[in-house]
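Reader: I am new to reading protein structures and would love a close look at just one part. Could you walk me slowly through the place where two domains of one chain meet?

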Amino acid sequence: MADPVASSAEHANASLAAIFAMRLRASGATPAEVVTITVLTALVLWLVLYPVGWLLWGAFHKGPPGAAEAWTLENFTEVFLDPNHWILVWRSIVVGVGVTALATAIGAPLAWLTVKTDLPGKRWVELSAIVPFFTSTFIGALAWIQLGNPTNGVLKFWFGIPTNVYSVTGIIWVTGLYMAPYMYLFTAAALRNMDTTYEEASFMSGAGLWRTLTRITYPLILPALLSGMTLVFVISMGIFGVAAILGFPAKLHLLATEIYVRSLLVPPRFGVATVSALTLMVITAALIMLQRWALRAGSYALVSGRGFRIKLYALGKWKRLAQAWCFLYALLAVILPAFVLIKVSLQPYPTPRFGPWTLENWTVFFSNDNLLGTLLRSLYLSTGGATLCVLLTAMIAHIIHRSRAPGRRLLEQVSVMPIGIPGIVMGLAMIWAYVTLPVWGTLWVVILAYMTLFMPYGVRALGANIVQIHPELEESSRVHGGSWFRTFRLIMLPLLRPGIYSTWILLFIIFIREISAAVLLTTTGTRLFPVLIFEQWTAGEFNVMSAGALLLTIIMFAVIALFKWGFKVDVIPSYR
Amino acid sequence: MGLQGGRDTVLPVREGELSSLTVAGLSKAFGDARAVADLDLKVGEGEMLVLVGPSGCGKTTTLRCIAGLERPTAGRITIGNRVVTEIDQGVFVPPEKREIGMVFQSYAVWPHMTVYDNVAYPLKAIGVLRGEIHDRVMKTLRLVQLETLADRYSSQISGGQQQRVALARSLVAEPKLLLFDEPLSNLDANLRLQMRVEIKELQKRLGFTSVYVTHDQTEAMAIADRIAVMDRGMVRQVGSPRAIYDRPANTFVAGFMGTTNLLEGSVQEVTDAEAVVRTSGGITLRAIGARGAARGATVHVSIRPEALQLCPLEKPAAAANVWPATVALSTFLGDSVLYRLEVAGHTFEVHGPSTEVFEVGSKVTLAVEPSRCTLLIE
Ligand SMILES: Nc1ncnc2c1ncn2[C@@H]1O[C@H](COP(=O)(O)OP(=O)(O)O)[C@@H](O)[C@H]1O
Ligand SMILES: [Mg+2]
């Protein structure tokens with residue numbers, strides 16, 4: 001099979017690498033640094049561009065990956081002339097906008113209340129804003145099916161509330177509920193870093209609370225809000241798990257699920273799936289560019305020195321209302337879902353009633369080799385993958401923030417590009433890129449996909465930690481005889497350890513619960529646990545898979561607890 | 001000679017002396033901004049050269065270029081007899097191969113290592129034998145009186161002690177050259193004075209060659225063997241603290257190194273060592289440093305506040321330059337009184353003894369010897 005993408009990419013990489021190496025040496029970098037930067041840049045370029053290049057190539061070809069035939073434009077004409085495609089595009093955008101609005105409406109006020117006011121019980125509010133971040137939208141969707149399905153949902157049966165989660169509204173509701181923590185984290189970080197004297201100066205000038213909030217606080221945290229909203233929009237546009245599990249029963253498709261369905265048709269329609277994937281990616285990439293453009297001038301530093309006191313607003317008579325708001329969120333995102341999942345996992349068949357009870361859904365996990373094996377496989381993959389990804393991103397983040405070498409801008413830009421690649425698109429791209437290679441069918445393909453997709457998270461989280469470390473700590477090693485590599489190993493890595501732990505755990509959690517990139521990539525021998533839950537659930541195993549979802553959640557929180565109390569690591573992710 | 005300022009000042013180390021650091025034609029640009037512009041420096045064996053200048057004048061950049069932490073845009077740097085940077089030839093030795101020690105402004109004591117490990121680091125990095133390391137570390141720690149704190153971490157010691165750790169770490173490998181970047185600026189005033197003395201004593205005792213950067217002219221004069229005054233990326237004058245203070249080469253140096261009274265005027269007459277200057281305000285004075293001054297040239301004259309004498313009007317002084325003056329302002333400083341005096345449209349700052357106080361508005365006589373009036377051409 002001809003692979004023009006591969007050979008021209010290789011060629012471009014090779015000459016690019018040569019140019020880099022030359023300019024690097026001219027900038028005063030040592031050979032170790034030159035080699036590291038060159039290799040890393042080549043690796044990252046390859047990780048990101050190789051699959052994406054193949055995806056493009058695939059869109060212009062007839063036939064499935066690995067057996068593609070002639071060049072063609074048929075895929076494009078078929079997809080673009082199909083009115084249904086544009087309905088999907090529209091629906092996906094509606095979901096993206098709706099989720100972003102809902103997540104912001106929930107997350108931003110929660111952040112302001114916990115950071116800036118004298119709200120009582122802040123630790124609990126913070127916890128209920130963080131827990132959904134770790135549990136994932138997919139598990140939330142499983143719970144909300146029990147709560148809000150139109151036939152025998154708990155809400156309808158016990159309280160007479162007519163709800164239908166099998167709808168666009170349902171998808172927006174569940175996704176928004178579980179994306180709210182992103183907005184919470186971004187907003188809280190910005191508020192914490194903001195020097196309170198800006199607000200105090202506003203009060204001193206005679207402005208009231210509302211004026212201060214809208215004229216001072218809001219514009220100052222706007223860049224952070226926009227970054228958060230872009231991320232939420234991009235993730236929710238490409239969300240697969242929720243969309244599939246809530247959309248399929250109502251024959252309701254989004255771009256992401258359409259890609260999945262078309263890839264699994266008999267015979268599969270990879271060509272048109274690829275065009276759908278490209279459509280999705282073009283939208284997300286355009287949005288990211290729009291955000292960059294909007295922020296081009298407005299990225300002022302909010303940090304004005306450490307140790308300033310954050311002024312607390314007295315809530316006064318609003319205290320009860322604020323508490324009620326926080327409790328409502330905890331109830332909808334944590335308490336009710338947890339309750340209903342536990343209930344269903346202890347029952348033999350789906351029912352809103354209490355009883356009959358059974359433990360069989362739980363015991364089956366420990367007696368069925370297939371289930372247990374899948375769970376263990378997911379654990380291995382997440383542990384190994386997170387470790388590799390942390391090592392890779394630590395080096396990338398270090399170079400981005402510390403090196404003066406000319407290639408670092410390129411490295412920075414390429415390493416955050418995957419933010420704009422939805423998981424399912426990456427899955428499809430990996431098929432095109434690797435189906436003919438010997439690694440195909442092994443977990444390595446999945447690890448590569450995950451590392452590429454979530455590299456930006458590692459680079460950002462570690463970058464936020466690196467900028468806290470005074471550059472003179474490294475420079476003083478260099479001056480006193482330490483080579484570049486020795487300095488990285490003996491000074492940077494140990495100082496970065498807390499950041500490395502918290503980034504590792506973030507990546508571990510993301511990896512172990514990830515479904516959209518895995519769903520097209522795993523087959524019988526490489527099945528991962530979330531994919532298994534998805535497939536078994538769609539096959540009707542609601543009760544067993546409720547137990548499965550809980551088991552996954554328990555594992556995630558056990559690991560978090562181990563790090564928090566065992567290694568004393570701050571597990572709340574940090575964002576720039 | 002060699003007190004002339006300007007960008008082409010190369011103050012040679014005395015003939016025949018081995019120079020330990022030579023910087024020639026050093027330039028460093030960040031984008032379009034020139035931080036260091038064609039700078040030359042020589043530091044002799046065992047000498048302490050202090051780079052002093054206002055904030056942002058390029059001191060740190062110069063030091064970092066010497067250390068190899070910054071790659072200059074142009075220039076040549078030699079440490080001992082080894083060329084460590086020569087941009088034209090593509091020579092750039094990385095910092096770890098330059099055999100230098102450096103004390104940073106933030107101290108940069110590694111928080112994850114004990115005091116002992118911090119100090120042992122340079123020895124391990126250059127591959128000193130295991131058995132030797134302990135002795136050398138302990139010897140150096142004794143030198144800075146830290147031998148009892150060897151097992152502490154940086155969070156468990158004070159700022160002054162961290163400073164000593166940084167000092168010990170820079171000394172332990174017996175480097176060819178020691179670099180200090182504002183090492184005392186994070187200490188409180190008392191400790192700063194004490195550490196200043198200690199660094200100077202260590203330098204005399206161990207005889208290391210060093211470049212010391214500070215923006216504080218008092219610190220510079222107290223600690224330097226020689227001072228290089230920098231402004232906007234250029235060296236404006238190099239010389240001993242005494243020479244710099246008493247014989248500033250230009251108005252910038254005169255103004256930066258301590259307070260001074262600057263009078264603008266034109267040269268009336270030039271003799272061998274002295275010149276007669278008529279100021280814009282119309283007073284005439286005799287000043288030294290006339291070499292290079294031409295008749296009719298516009299010049300400045302610098303007179304230090306403590307060089308001026310105040311006498312009651314009825315008791316005229318015997319100096320060559322004597323003018324009647326009016327007291328415009330007097331500020332009691334404890335050990336002295338600072339006066340502002342009006343003389344023919346000029347304002348003078350003068351230190352007077354606190355034993356004899358002149359009232360505001362009173363008429364006095366102001367006198368100064370020509371040897372304490374310095375003629376400045378720039
Ligand atoms: N990394 C850098 N990037 C851009 N400009 C810099 C950088 N480092 C220093 N400069 C600029 O170079 C000039 C000299 O800086 P510096 O050497 O730090 O001055 P000093 O130490 O005398 O206060 C300043 O104008 C400063 O803004
Ligand atoms: Mg400086």
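Author: Happy to help; what follows is a tour of the meeting place of two domains, with a short look at the neighbouring chain at the end.

First, some ground rules. This is a predicted model, in which local features need pLDDT of at least 70 and side-chain atom pairs count only at pLDDT 80 or more, while totals for chains, interfaces and linings use all residues. Residues are numbered from 1 along each chain as its sequence is written, chains are lettered from A and ligands numbered from 1 in the order in which they are written, and side-chain values use heavy atoms, with hydrogens and water left out.

In chain A, domain 1 covers 70-294 + 316-348 and domain 2 covers 374-576; such bounds come from an automatic or database domain assignment. The C-alpha centres of these two domains of chain A are 22 Å apart. Contact here means heavy atoms within 4.5 Å, and by that rule 44 residues of domain 1 of chain A meet 40 residues of domain 2 of chain A.

Together the two domains of chain A bury about 3,700 Å², with 79% of it on carbon and sulfur atoms. Buried area is the accessible area (1.4 Å probe) that two parts lose on being put together, summed over both. On the domain 1 side of chain A, A:Phe134, A:Phe138 and A:Phe240 lose the most area to domain 2, together 17% of what that side buries.

What about charges? There are zero salt bridges between domain 1 and domain 2 of chain A, a salt bridge being a side-chain nitrogen of Lys or Arg within 4 Å of a carboxyl oxygen of Asp or Glu.

Now for the helices, which are DSSP runs (H or I, at least four residues) numbered from the N terminus. Several helices of chain A each supply at least two residues to the domain 1 side, among them helix 5 (122-135), helix 6 (137-148) and helix 13 (270-294). Helix 13 of chain A gives the most, with nine residues.

Finally, compare the contact of chain B with chain A. It takes 28 residues from chain B and 25 residues from chain A, and the two chains bury about 2,200 Å² between them, 59% of it on carbon and sulfur atoms. Here the count is two salt bridges. A:Arg478 forms a salt bridge with B:Glu96, where the closest N and O atoms are 2.8 Å apart.
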